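Open your viewer and get ready for a short tour. We will begin with the whole chain and then select smaller parts, one stop at a time.

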Amino acid sequence: MGLFFDDIDAAHRFSLELDRHQNTLTCTGCSCSGQFVSHGFVYKKHSQGRQRTVGKRILCSSRCGRSGCGRTLRLYLNTELPRLQYTATHLLIFLTTLIAGFSIQRAYSQATSAPTTRNAYRWINKLNRKLMDYRNRLRKPKEAAAMFGRSRSRRLHILLITLERLSSILEQPLCQHYQQRYQSAFI
Ligand SMILES: [Zn+2]
């Protein structure tokens with residue numbers, strides 16, 4: 001069952017109807033199903049200090065007759081990147097700029113307007129760790145298997161080709177739609 005939702009109302013509604021989803025929602029901590037209860041919203045801080053609601057938390061509860069493990073699971077808006085400050089829109093600008101041939105630093109600064117670009121390589125590393133996931137979404141994932149290389153620039157090239165292909169077969173915007181469709185974090 002999904003971790004990504006179109007809007008906060010949908011995530012909230014889902015969290016209030018958890019018993020209805022008990023056959024499909026299993027805790028990753030204790031493998032139990034049917035123990036989740038609604039547990040508050042998830043917020044992210046803007047750079048200006050304000051915060052926005054980005055999701056809902058549900059708890060694998062051990063109270064009131066439930067036998068869960070206490071782990072929380074987050075239901076996110078599909079426009080958000082879990083555990084990252086920036087949104088799917090920022091990431092998409094980063095990817096589009098990279099695919100257009102600009103440098104990693106230029107793409108990161110274009111996407112985030114951040115004063116430094118030191119996190120740009122963290123994004124690239126995270127994307128590289130998801131490369132096999134992206135490739136598995138392609139219609140012919142084995143097609144370019146022989147292209148895997150060892151050098152950094154070669155890996156980046158393959159990553160960008162893969163993302164370009166993925167973008168051509170999925171609805172837009174890519175990162176947001178990917179999260180909604182596959183119920184999996186893009187990065
Ligand atoms: Zn649990």
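Domain bounds, as used on this tour, come from an automatic or database domain assignment. The model you are looking at is predicted, and it is divided into domain 1, residues 4–77, and domain 2, residues 88–182.

**Stop 1: the whole protein.** Show the cartoon and colour it by secondary structure. You should find seven helices and four strands. Follow the chain along the sequence and the pattern reads β-α-β-β-β-α-α-α-α-α-α. Rotate the view: along its principal axes, the C-alpha trace spans about 55 × 45 × 25 Å. Of the 187 residues, 25% are buried.

**Stop 2: the two domains.** Give residues 4–77 one colour and residues 88–182 another to see domain 1 and domain 2. How far apart are the C-alpha centres of the two domains? They lie 28 Å apart.

**Stop 3: a pair of helices.** Select helix α2 (residues 88–99) and helix α3 (residues 104–112). Their axes come within 8 Å and cross at roughly 145°, and the crossing is right-handed. Now show the side chains where they meet. On the α2 side, pick H90, I93, F94, T97 and L98; on the α3 side, pick I104, R106, A107, Y108, Q110, A111 and T112. Which classes of residue make this contact? Seven are nonpolar, four are polar and one is charged.

**Stop 4: the largest nonpolar core.** In soluble globular proteins, nonpolar side chains tend to be buried together. Here, the largest nonpolar core has 20 residues, and L91, F94 and F186 touch the most other members. Helices α2, α3, α4 (120–129), α6 (152–169) and α7 (174–182) each supply at least two residues of this core. Which helix gives the largest share? That is α2, with five residues.

Zoom in on L91. Leaving out residues up to four places away in sequence, L91 touches L81, Y86, C175, F186 and I187.

**Stop 5: another core.** Apart from the largest core lies another, made of 14 residues. To find it, select F5, I58, L59 and L77, which are among its members.

**Last stop: contacts across the sequence.** Zoom back out to the full chain. Consider the contacts between residues at least 6 apart in sequence: 48% of them join residues at least 24 apart.

Note on methods: Residues numbered from 1 in each chain as written. Predicted model: local features only at pLDDT ≥ 70, side-chain atom pairs only at ≥ 80, totals over all residues. Axes fitted to C-alpha atoms, helices over the stretch in contact; angles between N-to-C directions. Left-handed = near helix turned anticlockwise from the far one by under 90°. Contact = placed C-beta atoms within 7 Å. Nonpolar A, V, L, I, M, F, W, Y, C, P; charged D, E, K, R; others polar. Core = buried A, V, L, I, M, F, W, Y, C linked by C-beta atoms within 7 Å. Buried ≥ 20, exposed ≤ 12 C-beta atoms within 10 Å, placed from the backbone.
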